[in-house]
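Biologist: Could you walk me through this protein in plain steps? I would like to start with its empty spaces and then look at some residues one by one.

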Amino acid sequence: MAVMLTVTTGSAAAFGSLPPANPHLGPLGTATMHGDAESSDATPFAGPGTGNVDSDFRELAAACPTILQGADGMPQALCTKVIDRAPKVFLLDPANGRPLASLDLAKGSLLGGVYAYLDNHDRMVTVDGSGQLLRIGHRQAGGDWQVFIESRNDIAQAVSGHCGGGDCDAVSSVMADFAGRVWFATDNAAAGFLDPATGIARSIVLGPGEKVANSISTAPEGVAITTTHALYLVDVDSSGNPQVLWREAYDRGPARKPGQLSWGSGATPTYFGPGSGTEYLAITDNAVPKVNLLVFDTTTGNRVCSVPTVAGTENSPIGSGNSLFIASTYGYPYPAVPEGAGPSEPANAKFTGGIVRVDVTGSGCQVKWTNDALSAAVPRLSVADGKIYTVTRHTLIPTGSVGVTDSFRYAVIDAATGRIEKEKVIGATAIHNTLQMVGTISPDRTLYQGTMTGLFRIAPR
């Protein structure tokens, strides 16, 4: 059943370009939540397109924010069960999206059941509530598929040793760097790595009182981490310990905004650039009345430019070539927010959506277009067909939550102009709520999109 695939990145692109492939990850575009180590949210694969599509929903009794696919063609989903909020890994049938096998993991922090990546052996790498870094494999034996833990590394001391040990902290995100080290960030803003050659994990605290509520990104220049106060670039010093190369604080605003899950930037840092593909780093701040897109020089940390964009966002910018795309999540009604997120100001707001494209040029950050797309997912750019793919949420009677008058639509947007080229209803109940989760496009043009209770498989007819 598994179909081997290869990724070719040297062919002409319809829009923009991709960052360099990390040799320690699976295929570019499908190995991480945000597509690649640099969190570009761009893919080399064409999406389902603007023609007729088939949309199948798979109920899994779990929210599925991370859907990945390895070189063997087998989709894997890291989900969080609805009942106890513990993580669960599903292996999916690439022909129809049905689960073939699954594995329950130990419950940890909420984000511990969200972020993972596939390594260059198609193993899912994540940290669960046991405090161990896991490499999770899959195999077919006697006609049946199995998902199993292939190896474990205990990193508990590096995770919690700085705050007294025990369960005083938890891993929020993991990513391999370009040397093969497995980096992690914790809820309480410790950053460190496991060296696979020695099995030793080391860490430092980035900033007392800071939090990490998003994924981390890696590039040849280092590891980028957004905390609730600042953007950091970290690397390894001559003694083999983590070190901060630079830190740039940002305007975190007076409070968390409605439609955000933490008080601060909602952005996983995005590497991008028209040259190497990593010469710039971008995040959004939490300024009022609009968040600013902030662009930094990766090497120095110097600010290149900034520009106001949307009222608020929980999503990482798409980055391709010299273009960035920012989707508003301001007012999006989440059923719950993480513990300690704090109240939002205002307490609630209407979800009005909107996406903004910004190009970075010699004269700074320039807004190229805006639209009113009601994106209910993290959009994904296909450089192969020049389209942005997402799911939009429409409601007839705003109630402050997803209700019976809501519908969810597969949406295709032209990256060059911002024009919404297609919307098709694919769901109309709370179980279809895509909850600002990201979609993944596979080489056969299939879009896998997580929801709060399962996932959609959207494919060209």
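**Cavities, disulfides and one threonine**

Modeller: Happy to! One remark before we begin: this is a predicted model. In it, the residues lining the largest cavity divide into 5 nonpolar, 4 polar and no charged.

Biologist: Which residues line the largest cavity?

Modeller: The largest cavity has a volume of about 50 Å³. Its lining has 5 nonpolar and 4 polar residues. By name, they are T32, M33, H34, S39, Y115, A116, V174, M175 and S215.

Biologist: How many cavities of 30 Å³ or more are there?

Modeller: Rolling a probe the size of a water molecule over the atoms shows where empty space is left. The largest cavity is about 50 Å³, and the second largest is about 40 Å³. With 30 Å³ as the cut-off, the count comes to 3 cavities.

Biologist: Which strands each supply at least two residues of the lining of the second largest cavity?

Modeller: The lining of the second largest cavity includes Y271, F272, G319 and S320. This lining divides into 4 nonpolar, 7 polar and no charged residues. The strands you are after are strand 19 (270–272) and strand 23 (318–320).

Biologist: Now the disulfides. What is the pairing of the bonded cysteines, numbered in sequence order?

Modeller: The structure holds 3 disulfides. One joins C64 to C79, another joins C163 to C168, and another joins C305 to C365. Numbered in sequence order, the pairing is 1-2, 3-4, 5-6.

Biologist: Why is the disulfide of C64 and C79 right-handed or left-handed?

Modeller: The sulfur atoms of C64 and C79 are 2.1 Å apart. The torsion about their S-S bond is about 105°, so the disulfide is right-handed.

Biologist: Which strands hold C64 and C79?

Modeller: This disulfide joins C64 to C79. The pair links distant parts of the chain, 15 residues apart, with C64 in strand 3 (residues 62–69) and C79 in strand 4 (residues 75–81).

Biologist: Is C163 buried, exposed or partly exposed?

Modeller: Buried means under 20% relative accessible area and exposed means over 50%, with partly exposed in between. Its partner C168 has a relative accessible area of 28%, so C168 is partly exposed. C163 has 33% relative accessibility, so C163 also counts as partly exposed.

Biologist: How many residues apart are C305 and C365?

Modeller: A disulfide joins C305 to C365, with an S to S distance of 2.0 Å. Both cysteines are buried. The pair links distant parts of the chain: C305 is in strand 22 (residues 303–308) and C365 is in strand 26 (residues 364–371). Along the chain they are 60 residues apart.

Biologist: Let's finish with T451. Is T451 buried or exposed?

Modeller: T451 lies in the loop between strand 33 (447–450) and strand 34 (454–460). Under 20% relative accessible area counts as buried. The value for T451 is 0%, so T451 is buried.

Biologist: Which residue's backbone oxygen does the side chain of T451 reach?

Modeller: Leaving aside neighbours within four places in sequence, T451 is in contact with several residues, including F57, C64, I431, H432 and F456. The side chain of T451 reaches a backbone oxygen at 2.9 Å, and that oxygen belongs to I431.

Key
Residues are numbered from 1 along each chain as its sequence is written. This is a predicted model: local features need pLDDT of at least 70, side-chain atom pairs count only at pLDDT 80 or more; totals for chains, interfaces and linings use all residues. Side-chain values use heavy atoms; hydrogens and water are left out. On a 1 Å grid over the protein atoms alone, a cavity is a set of points where a 1.4 Å probe fits but cannot get out, and a pocket is an open set with protein on both sides within 12 Å along at least five of seven lines; lining residues have an atom within 4 Å of a point. Grid points are joined across faces, edges and corners, and a volume is the space filled by probe spheres set on the points. Ala, Val, Leu, Ile, Met, Phe, Trp, Tyr, Cys and Pro count as nonpolar, Asp, Glu, Lys and Arg as charged, and the others, Gly among them, as polar. Helices (H or I, at least four residues) and strands (E, at least two) are DSSP runs, numbered from the N terminus. A disulfide is a pair of cysteine sulfur atoms within 2.5 Å. Buried means under 20% relative accessible area, exposed over 50%, partly exposed in between (1.4 Å probe, protein chains only). Contact means heavy atoms within 4.5 Å. A polar contact is a pair of N or O atoms within 3.5 Å; within protein, one must be able to donate a hydrogen and the other to accept it, and residues adjacent in sequence count only if both atoms are side-chain atoms.
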